[in-house]
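Please read the following account alongside the sequence and the coordinates. It moves from a single residue outwards to the fold as a whole.

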Amino acid sequence: TNMFTSGLLCVYKPKHWSSSDCVVKVRNILQAAMRQQSGKKKEKIKVGHGGTLDPMVGTCNVTLLTLL
């Protein structure tokens, strides 16, 4: 069984990170965890953000997750 489901994730976006930086980081972390769990070399997950935030401000970034 897969421990991941589609949904929303609230991620703290550090100062000087763009919303896209957060998306890449979340995608990489989740893909690595999914690969480790399933034993497959490649796992596919779609990750996006709910809006662009000012990179100079640390704030909460809503991240959208979809398993393919």
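His 49 is partly exposed, with a relative accessible area of 27%, where partly exposed covers the range between buried, under 20% relative accessible area, and exposed, over 50%, as found with a 1.4 Å probe and protein chains only. This histidine is found in strand S2, and its C-alpha atom is separated by 7.6 Å from that of Ser 20, although the two residues are 29 apart along the chain.

The structure is a predicted model, in which local features need a pLDDT of at least 70 and side-chain atom pairs count only at pLDDT 80 or more, while totals for chains, interfaces and linings use all residues. Residues are numbered from 1 along each chain as its sequence is written, and side-chain values use heavy atoms, with hydrogens and water left out. The predictor's confidence in each residue, pLDDT, runs from 0 to 100; the protein averages 77, and 75% of the residues score at least 70. Among the elements, H1 has the highest mean pLDDT, 85, and strand S3 (residues 59-67) the lowest, 67.

The protein has one helix and three strands, these being DSSP runs numbered from the N terminus (H or I, at least four residues, for helices; E, at least two, for strands). From the N terminus on, the order of the elements is β-α-β-β. Among contacts, meaning heavy atoms within 4.5 Å, between residues at least 6 apart in sequence, 63% join residues at least 24 apart.

Between strand S1 (7-13) and H1 there is a loop that holds His 16, a residue other than glycine whose phi is nonetheless positive, near 75°. His 16 is exposed, with a relative accessible area of 54%. A positive phi, near 80°, is also found at Gly 39, which follows H1.

The helix itself can be checked against its expected span, which is 1.5 Å times one less than its number of residues: the 20 residues of H1 should span 28 Å, and the end C-alpha atoms are 28 Å apart, which agrees. The buried residues of H1 are Ser 19, Cys 22, Val 23, Val 26, Leu 30, Gln 31 and Met 34. Seen down the helix axis, these buried residues fall within an arc of 155°, so they line one face of H1, the arc being that of the directions from the helix axis to the C-beta atoms. On the other side of H1, Ile 29 and Gln 36 are exposed.

Which residues make up the largest nonpolar core? There are seven in all, namely Val 11, Val 23, Val 26, Leu 30, Met 34, Ile 45 and Val 47, a nonpolar core being a set of buried Ala, Val, Leu, Ile, Met, Phe, Trp, Tyr and Cys residues joined through side-chain atoms within 4.5 Å. H1 and strand S2 (45-49) each supply at least two residues of this core, and H1 gives the most, with four.

Gln 31, which is found in helix H1 (residues 19-38), is buried, with a relative accessible area of 15%. Leaving aside neighbours within four places in sequence, Gln 31 is in contact with Glu 43, Lys 44 and Ile 45, the last of these being one of the core residues.

Over the whole protein, 24% of the 68 residues count as buried.
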